[in-house]
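Visitor: I would like to learn how to read a model of this kind, step by step. Could you take me through it, giving the general idea before the particular case?

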Amino acid sequence: MSRFLRLRKATPDDIEFICALEAVPGNTYVHSWTRATHLEKMDDPHSHYLIAEGQSGERLAFAILFDDGPGRIEWRRIIVETPGAGTGTAFMRAVINYFRKAGTRKIWLDVYEKNTRARHVYKSIGFRELRREPLKSDSSITLVIMELSFV
(Lines give C-alpha, C1' and ligand atoms only; values in the text may rest on other atoms or scores of the structure.)
Protein backbone atom coordinates (compact mmCIF):
# COMPACT_ATOMS: atom_id res chain seq x y z
CA MET A 1 0.00 0.00 0.00
CA SER A 2 1.24 3.46 -0.85
CA ARG A 3 2.51 5.74 1.88
CA PHE A 4 1.77 8.77 -0.32
CA LEU A 5 -0.14 11.50 1.48
CA ARG A 6 0.29 14.75 -0.45
CA LEU A 7 2.23 16.62 -3.07
CA ARG A 8 4.02 19.91 -2.67
CA LYS A 9 6.18 22.17 -4.78
CA ALA A 10 9.85 21.33 -4.53
CA THR A 11 12.40 23.79 -3.17
CA PRO A 12 16.17 24.04 -3.62
CA ASP A 13 16.45 21.97 -0.42
CA ASP A 14 15.02 19.03 -2.40
CA ILE A 15 17.71 19.04 -5.10
CA GLU A 16 19.96 16.53 -3.30
CA PHE A 17 17.01 14.12 -2.98
CA ILE A 18 16.20 14.56 -6.68
CA CYS A 19 19.81 14.03 -7.77
CA ALA A 20 20.15 10.97 -5.51
CA LEU A 21 17.09 9.31 -7.07
CA GLU A 22 18.33 10.10 -10.58
CA ALA A 23 21.64 8.41 -9.72
CA VAL A 24 20.09 5.10 -8.60
CA PRO A 25 21.47 2.46 -10.99
CA GLY A 26 18.03 0.88 -11.52
CA ASN A 27 16.69 4.10 -13.05
CA THR A 28 18.10 3.23 -16.46
CA TYR A 29 15.35 4.99 -18.40
CA VAL A 30 15.73 8.30 -16.58
CA HIS A 31 18.08 11.06 -17.60
CA SER A 32 19.92 12.90 -14.87
CA TRP A 33 20.91 16.51 -14.57
CA THR A 34 23.49 18.25 -12.45
CA ARG A 35 22.55 20.10 -9.31
CA ALA A 36 23.20 23.39 -11.15
CA THR A 37 20.90 22.40 -14.02
CA HIS A 38 18.13 21.46 -11.60
CA LEU A 39 18.48 24.77 -9.78
CA GLU A 40 18.35 26.65 -13.07
CA LYS A 41 15.29 24.73 -14.29
CA MET A 42 13.58 25.01 -10.91
CA ASP A 43 13.97 28.79 -11.19
CA ASP A 44 12.24 28.81 -14.60
CA PRO A 45 8.61 29.95 -14.20
CA HIS A 46 7.55 27.39 -16.86
CA SER A 47 8.86 24.42 -14.88
CA HIS A 48 7.04 22.51 -12.18
CA TYR A 49 9.04 20.51 -9.65
CA LEU A 50 6.79 18.49 -7.35
CA ILE A 51 7.55 16.26 -4.37
CA ALA A 52 5.47 13.36 -3.05
CA GLU A 53 5.37 13.26 0.73
CA GLY A 54 4.37 10.49 3.10
CA GLN A 55 2.59 10.51 6.45
CA SER A 56 5.58 11.90 8.35
CA GLY A 57 6.57 14.44 5.70
CA GLU A 58 9.22 12.11 4.26
CA ARG A 59 10.00 12.52 0.57
CA LEU A 60 8.88 9.54 -1.50
CA ALA A 61 9.20 10.69 -5.12
CA PHE A 62 9.54 13.67 -7.41
CA ALA A 63 8.13 14.79 -10.73
CA ILE A 64 9.28 17.43 -13.19
CA LEU A 65 6.88 18.96 -15.69
CA PHE A 66 7.11 21.93 -18.06
CA ASP A 67 4.58 24.26 -19.64
CA ASP A 68 4.32 23.42 -23.33
CA GLY A 69 1.96 26.06 -24.62
CA PRO A 70 -1.44 27.24 -23.41
CA GLY A 71 -3.20 24.44 -21.56
CA ARG A 72 -0.46 21.89 -22.33
CA ILE A 73 2.03 20.34 -19.94
CA GLU A 74 4.97 18.08 -20.79
CA TRP A 75 5.72 15.46 -18.14
CA ARG A 76 9.50 15.16 -18.17
CA ARG A 77 10.33 12.97 -15.24
CA ILE A 78 8.98 10.97 -12.34
CA ILE A 79 11.09 8.87 -10.01
CA VAL A 80 9.83 6.99 -6.99
CA GLU A 81 12.14 6.01 -4.16
CA THR A 82 10.48 2.59 -3.72
CA PRO A 83 9.03 1.30 -7.01
CA GLY A 84 6.19 -1.19 -6.87
CA ALA A 85 4.60 0.13 -3.67
CA GLY A 86 1.84 2.11 -5.41
CA THR A 87 3.39 5.48 -4.60
CA GLY A 88 4.09 6.35 -8.22
CA THR A 89 0.53 5.77 -9.38
CA ALA A 90 -0.97 7.65 -6.42
CA PHE A 91 1.49 10.52 -6.93
CA MET A 92 0.78 10.66 -10.67
CA ARG A 93 -2.97 10.84 -10.04
CA ALA A 94 -2.41 13.71 -7.59
CA VAL A 95 -0.19 15.56 -10.09
CA ILE A 96 -2.77 15.10 -12.84
CA ASN A 97 -5.52 16.39 -10.55
CA TYR A 98 -3.32 19.37 -9.58
CA PHE A 99 -2.92 20.39 -13.24
CA ARG A 100 -6.52 19.62 -14.19
CA LYS A 101 -7.71 21.99 -11.42
CA ALA A 102 -5.29 24.62 -12.77
CA GLY A 103 -6.99 24.49 -16.20
CA THR A 104 -4.57 22.24 -18.07
CA ARG A 105 -6.23 20.55 -21.05
CA LYS A 106 -3.49 18.07 -22.01
CA ILE A 107 -0.49 16.41 -20.42
CA TRP A 108 1.90 14.58 -22.68
CA LEU A 109 5.08 12.59 -22.22
CA ASP A 110 7.49 10.39 -24.06
CA VAL A 111 8.65 7.05 -22.76
CA TYR A 112 11.12 4.50 -24.06
CA GLU A 113 9.26 1.80 -25.97
CA LYS A 114 11.23 -0.81 -23.97
CA ASN A 115 9.98 0.64 -20.68
CA THR A 116 6.88 -1.54 -20.60
CA ARG A 117 6.32 -1.08 -16.86
CA ALA A 118 6.03 2.72 -17.18
CA ARG A 119 3.86 2.45 -20.30
CA HIS A 120 1.51 0.12 -18.43
CA VAL A 121 1.22 2.57 -15.50
CA TYR A 122 0.63 5.52 -17.83
CA LYS A 123 -2.10 3.63 -19.70
CA SER A 124 -3.74 2.55 -16.44
CA ILE A 125 -4.23 6.17 -15.40
CA GLY A 126 -5.62 7.30 -18.75
CA PHE A 127 -2.71 8.19 -21.04
CA ARG A 128 -3.09 6.95 -24.59
CA GLU A 129 -0.35 6.19 -27.06
CA LEU A 130 -0.30 8.65 -29.95
CA ARG A 131 2.73 7.64 -31.99
CA ARG A 132 6.25 6.30 -31.98
CA GLU A 133 9.35 8.31 -32.84
CA PRO A 134 13.05 7.47 -33.03
CA LEU A 135 15.20 9.07 -30.36
CA LYS A 136 16.99 12.01 -31.98
CA SER A 137 20.41 11.06 -30.61
CA ASP A 138 20.05 7.32 -31.40
CA SER A 139 17.57 6.23 -34.07
CA SER A 140 17.78 2.60 -32.91
CA ILE A 141 15.82 3.62 -29.79
CA THR A 142 12.09 4.27 -30.08
CA LEU A 143 10.07 6.66 -27.95
CA VAL A 144 6.33 6.31 -27.44
CA ILE A 145 4.49 9.63 -27.28
CA MET A 146 1.54 9.45 -24.88
CA GLU A 147 -1.12 11.99 -23.95
CA LEU A 148 -3.82 12.52 -21.36
CA SER A 149 -6.56 14.89 -22.45
CA PHE A 150 -9.18 16.58 -20.25
CA VAL A 151 -11.26 18.06 -23.09
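Visitor: Which element of the chain has the lowest mean pLDDT, and which the highest?

Guide: Since this is a predicted model, a reading begins with the predictor's confidence in each residue. Here strand E7, residues 138-149, has the lowest mean pLDDT among the elements, at 91, while strand E2, residues 47-54, has the highest, at 97. For the chain as a whole the mean pLDDT is 92, and 99% of the residues reach 70 or more.

Visitor: How are helix H1 and helix H2 arranged, and at what angle do they pack?

Guide: For a pair of helices, one reads the angle and the distance between the axes, and then the residues that meet. Helix H1, residues 15-22, packs with helix H2, residues 35-43, at an angle of about 125 degrees, and their axes are 10 Å apart. That angle makes H1 oblique to H2, and the crossing in which H1 passes H2 is right-handed. On the H1 side the contact is formed by Ile-15, Glu-16, Ile-18, Cys-19 and Glu-22, which meet Arg-35, His-38, Leu-39 and Met-42 of H2. Sorted by character, the residues of this contact comprise five nonpolar, one polar and three charged.

Visitor: Is H1 largely enclosed by the rest of the structure or largely open, and why?

Guide: The cut-off needed here is that a residue counts as buried under 20% relative accessible area. Six of the eight residues of H1 are buried, and therefore the helix is largely enclosed by the rest of the structure. Those buried residues are Ile-15, Phe-17, Ile-18, Cys-19, Leu-21 and Glu-22, and they pack against H2, E2, strand E3 (59-67) and strand E4 (72-80).

Visitor: Turning to a charged residue, is Glu-53 buried or exposed, and which residues does Glu-53 touch?

Guide: Burial is read from relative accessible area, and the surroundings are read from contacts with residues further off in sequence. Glu-53 lies in strand E2 and is buried, because its relative accessible area is 10%. Beyond residues up to four places away in sequence, Glu-53 touches Arg-3, Phe-4, Leu-5, Arg-6, Arg-8, Glu-58 and Leu-60. With Arg-6 the separation is 47 residues in sequence but 5.4 Å in space, C-alpha to C-alpha.

Visitor: Where is Arg-119 found, and what is it in contact with?

Guide: The approach used for Glu-53 can be repeated. Arg-119 is found in helix H4, residues 116-124, and is buried, with a relative accessible area of 12%. Setting aside neighbours within four places in sequence, Arg-119 is in contact with Val-111, Tyr-112, Glu-113, Glu-129, Arg-132, Val-144 and Met-146.

Visitor: Is Tyr-112 buried or exposed, and which residues does Tyr-112 touch?

Guide: Tyr-112 belongs to strand E5, residues 106-112, and counts as buried because its relative accessibility is 15%. Outside residues up to four places away in sequence, Tyr-112 touches Tyr-29, His-31, Arg-119, Leu-135, Ile-141, Thr-142 and Leu-143. Its C-alpha atom is separated by 6.1 Å from that of Val-144, a residue 32 places apart from Tyr-112 along the chain.

Key. Residues are numbered from 1 along each chain as its sequence is written. This is a predicted model: local features need pLDDT of at least 70, side-chain atom pairs count only at pLDDT 80 or more; totals for chains, interfaces and linings use all residues. Side-chain values use heavy atoms; hydrogens and water are left out. pLDDT is the predictor's confidence in each residue, from 0 to 100. Helices (H or I, at least four residues) and strands (E, at least two) are DSSP runs, numbered from the N terminus. Buried means under 20% relative accessible area, exposed over 50%, partly exposed in between (1.4 Å probe, protein chains only). Contact means heavy atoms within 4.5 Å. Axes are lines fitted to C-alpha atoms, for helices over the stretch in contact, and angles run from 0 to 180 degrees between N-to-C directions. Angles under 35 degrees count as roughly parallel, over 145 as roughly antiparallel, 65 to 115 as roughly perpendicular and the rest as oblique. A crossing is left-handed if the near helix is turned anticlockwise from the far one by less than a right angle, and right-handed if clockwise. Ala, Val, Leu, Ile, Met, Phe, Trp, Tyr, Cys and Pro count as nonpolar, Asp, Glu, Lys and Arg as charged, and the others, Gly among them, as polar.
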